[in-house]
Amino acid sequence: MPKGRKPVLIKQVVKKVLKELNPDNKESLRKFWEASAGPELNQHTKPTSLRKGRLTIEVENSSWLYEITVRHKSRLFKELQGYLGEKKLKELRFRLGKIN
């Protein structure tokens, strides 16, 4: 690292890059989701749409649907609002669906 530069957390770098992406693009939406959900949740979910402030996420089975809704929804919502903005994201909706 060059002299005089302070280290930067990877989370800050990811946040900056993701903010520059267009959340209306499905690929960008997937990247926002991956950054927030992490590898384990990402294996069992996929974002499908962002319309009128509602981000819809498909979940592979009812066990994961329950797990995400009860244990992770609040954290995910806050993180995604940080990436997308409060005006862009008003609700997270989880539903059963095909992941592959």
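## Exercises on salt bridges, burial and backbone

Arg71 and Glu67 form a salt bridge in this predicted model, with the closest N and O atoms 2.7 Å apart.

**Exercise 1.** Place the Arg71–Glu67 salt bridge in its helix and state how exposed each partner is.

*Solution.*
- Step 1: both residues belong to helix α3 (residues 62-84), and their spacing of 4 residues amounts to about one helical turn.
- Step 2: Arg71 has a relative accessibility of 62%, and exposed means over 50%, so Arg71 counts as exposed.
- Step 3: Glu67, at 23%, is partly exposed.

**Exercise 2.** Describe the salt bridge between Glu79 and Arg75 in the same terms.

*Solution.*
- Step 1: the N to O distance between the two side chains is 3.1 Å.
- Step 2: Glu79 and Arg75 are 4 residues apart in helix α3, about one helical turn.
- Step 3: Glu79 has a relative accessible area of 21% and is partly exposed.
- Step 4: Arg75 is also partly exposed, at 33%.

**Exercise 3.** Which residues are joined with Glu27 into one network by salt bridges that share partners?

*Solution.*
- Step 1: the network consists of Glu27, Arg30 and Glu34.
- Step 2: within it, Glu27 pairs with Arg30, whose closest N and O atoms are 2.1 Å apart.
- Step 3: Glu27 and Arg30 both lie in helix α2, 3 residues apart, about one turn of the helix.
- Step 4: Glu27 is partly exposed at 38% relative accessibility, and Arg30 is partly exposed at 29%.
- Step 5: the count of salt bridges in total is 6.

**Exercise 4.** Is Ser36 buried or exposed, and which residues beyond four places in sequence does Ser36 contact?

*Solution.*
- Step 1: Ser36 sits in helix α2 (residues 26-42).
- Step 2: its relative accessibility is 3%; buried means under 20%, so Ser36 is buried.
- Step 3: with neighbours within four places set aside, the contacts of Ser36 are Arg75, Leu76, Glu79, Leu80 and Tyr83.

**Exercise 5.** Where is Lys52 found, and what is its phi?

*Solution.*
- Step 1: Lys52 is in the loop between β1 (45-51) and β2 (54-59).
- Step 2: its phi is positive, about 50 degrees, although Lys52 is not a glycine.
- Step 3: most residues other than glycine have a negative phi.
- Step 4: Lys52 is exposed, with a relative accessible area of 87%.

**Exercise 6.** Summarise the chain as a whole.

*Solution.*
- Step 1: the chain has 3 helices and 3 strands, in the order α-α-β-β-α-β from the N terminus.
- Step 2: 34% of its 100 residues count as buried.
- Step 3: among contacts with a separation of 6 or more, 57% link residues 24 or more positions apart.

Terms used
Residues numbered from 1 in each chain as written. Predicted model: local features only at pLDDT ≥ 70, side-chain atom pairs only at ≥ 80, totals over all residues. Heavy atoms only, no water. Helix = DSSP H or I, 4+ residues; strand = E, 2+ residues; numbered from the N terminus. Buried < 20%, exposed > 50% of the residue type's maximum accessible area, 1.4 Å probe, protein only. Contact = heavy atoms within 4.5 Å. Salt bridge = Lys/Arg side-chain N within 4 Å of Asp/Glu carboxyl O.
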